[in-house]
Amino acid sequence: MTDARLAPWRERGAAVCAALARPLVWLGLFVGRVTSWLVLLVMLAVLTTVTLNALGINEIARWQEDVLLFGNALTINSVTELQWHLFGVLTLLGGTYALHHDTHVRVDLVYQKLTPRGRAIVDILGHLLMLIPFCLLIAWLSQHFVAMSYVSGERSNYGGLTDRYLIKAMLPIGLMFLAIGALGQVLNNLAGLFDPSRLAAPTHDKEPIHG
């Protein structure tokens, strides 16, 4: 609830920031929820690898035409490599969800002792000066690394997965989602600075704030 004693310009500023933040935060939470289901696929891949190894089976299936990621055969090496491919996607795309729920690792003994306003200021400065520039820089630089993998047709040297550019592309994609999510948090916190009542929500529940 917006404090009626706030100046009109502060009310408008809070409402605008909250409205701009809402789709950005929603996107990060949505991507995080969707990618969380990859945990089940990781578990299935691990179980399959262990079972195939115990049975001494190397090649599961083979076909004529190349299939994206798997080439022309499915082997125990394919399933083994699929584990870290899936885990990489889970980690890179799930980072934004962790950021919004404040479940990422913080090495900051001062932050927990600050007031909600102080935390908001620290988060704004940290995101604008460090997190967002870092994400954008690495995402930009990693484009070449993805393009080279695609052009060279990079694939496993051990009969595993093909099209390695797909997993490498998750780095810039994941960092872009993280930068977008961080921008959403900046706007959320700016709304809180305009209207302190918006900072009353627990810091671990970073759902989009409503205007």
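**A note on helix α4 and the packing around α5**

1. A good place to start is helix α4, which has 37 residues and runs 51 Å from its first C-alpha to its last, close to the 54 Å expected at 1.5 Å a residue. Please keep in mind that this is a predicted model.

2. Do look at H127 while you are on this helix: α4 bends there by about 45°. H127 is also one of the buried residues of α4.

3. The other buried positions in α4 are worth tracing along the helix. Towards its start you will find G118, R119, A120, D123 and I124 among them, and further along the list includes I132, C135, A139, S142, V146 and S149. For reading such a pattern, recall that an α-helix has 3.6 residues a turn, so residues three or four places apart point the same way.

4. Next comes the partner helix. α4 (residues 116-152) packs against α5 (residues 165-194) at an angle of about 160°, and their axes lie 8 Å apart. Because angles over 145 degrees count as roughly antiparallel, that is how α4 and α5 run relative to each other. Their crossing is left-handed, and the residues of this contact divide into 26 nonpolar, 5 polar and 3 charged.

5. α5 has a second contact to check, with helix α1 (residues 8-36): these two pack at an angle of about 155°, with axes 7 Å apart. α1 and α5 are therefore roughly antiparallel as well, and the crossing of this pair is left-handed.

How values were computed:
Residues numbered from 1 in each chain as written. Predicted model: local features only at pLDDT ≥ 70, side-chain atom pairs only at ≥ 80, totals over all residues. Heavy atoms only, no water. Axes fitted to C-alpha atoms, helices over the stretch in contact; angles between N-to-C directions. Helix = DSSP H or I, 4+ residues; strand = E, 2+ residues; numbered from the N terminus. Parallel < 35°, antiparallel > 145°, perpendicular 65-115°, else oblique. Left-handed = near helix turned anticlockwise from the far one by under 90°. Nonpolar A, V, L, I, M, F, W, Y, C, P; charged D, E, K, R; others polar. Expected span 1.5 Å × (residues − 1). Bend = angle between axes of the 7 residues up to and from the residue. Buried < 20%, exposed > 50% of the residue type's maximum accessible area, 1.4 Å probe, protein only.
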